[in-house]
Amino acid sequence: MKTTLLNKAALATGTAALLTAMMGSAHAEPTGYDQLSFQAEVKEDIQNDEVRASLYKKAQATDAKTLATTLNTSINNAMKIAKRYPKVTVTTGQQRTYPRYDKNDKIIGWTGQANIDLKSTDFAATSQLIADLQETLVMDNLNFGVSDVKKDALEQKLMTEASRAFQQQAKNLTRAWDARGYRVVTVNLNTGSNYPRPMYSAMSMKAASDESVPSQSFESGESTISVTANGTIELTK
């Protein structure tokens with residue numbers, strides 16, 4: 001979750017006017033009396049448009065050099081395959097190497113694992129790339145979410161709606177407390193996202209034979225994007 005101060009959110013289109021309206025006649029310094037704190041939340045479900053995945057190669061060897069050669073060769077080959085899919089962003093991920101010991105605590109070999117990470121809004125290309133890579137790599141995780149561009153656009157819209165909801169709630173409370181008006185003491189806009197959990201496990205995605213792995217149809221689902229306006233107003237009698 002990230003927090004944006006209202007005066008910073010006012011730079012977004014339409015929010016500056018809302019800020020002016022909410023502040024109203026707030027020229028005097030708050031007294032600390034007759035203050036109310038509350039929040040208003042708005043949310044919207046949105047179709048996930050981005051897929052992320054991680055695959056890995058795990059190997060063992062009697063010496064660290066041989067292990068590194070095996071892992072590096074496997075990842076290098078995977079990166080070559082990935083170049084055939086320019087719409088998929090591929091990066092090298094975590095790489096771990098650790099020794100294996102016998103009962104006398106003597107090193108008898110090494111075990112290592114190297115990962116690559118995928119990210120794309122092209123589901124078809126990503127699915128096919130994953131299938132190609134699974135002939136030599138194992139799926140670690142796969143999940144869906146909202147791309148930054150799409151999420152930022154929706155958050156800007158929801159920040160305006162949350163500001164309006166906060167303003168309306170302030171007016172309602174002013175009437176409920178028989179006050180003449182109110183001034184805003186502070187308001188924060190908090191954005192949040194609720195993404196679905198990874199849908200597939202490594203076992204279900206692992207290649208079962210030397211045959212080509214078929215690509216998979218993705219069901220990306222939806223995420224919930226929310227913005228909460230929470231703050232304090234001071235009633236004027």
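A helix's expected span is 1.5 Å times one less than its number of residues. This is a predicted model, where local features need pLDDT of at least 70 and side-chain atom pairs count only at pLDDT 80 or more, while totals for chains, interfaces and linings use all residues. Residues are numbered from 1 along each chain as its sequence is written, and side-chain values use heavy atoms, with hydrogens and water left out.

**View 1. Helix α3 from end to end.** Helices here are DSSP runs of H or I with at least four residues, strands are E runs of at least two, and both are numbered from the N terminus. Helix α3 covers residues 64–82, and because each of its 19 residues counts for 1.5 Å, it should span 27 Å; the end C-alpha atoms are indeed 27 Å apart.

**View 2. The two sides of α3.** Tucked away here are L67, L71, S74, I75, A78 and A82, the buried residues of the helix (buried means under 20% relative accessible area and exposed over 50%, using a 1.4 Å probe and protein chains only). Down the axis, they fall within an arc of 90 degrees, so they line one face (the arc uses directions from the helix axis to the C-beta atoms). K65 and K80 sit exposed on the other side.

**View 3. Strand β3 and its partners.** Strands pair if DSSP finds at least two bridges between them. β3 (residues 50–61) runs antiparallel to β6 (residues 138–145), with seven bridges; A53 has L142 as its bridge partner in β6. Eleven bridges join β3 to β5 (residues 107–120), also antiparallel, and there Y56 is partnered with N115.
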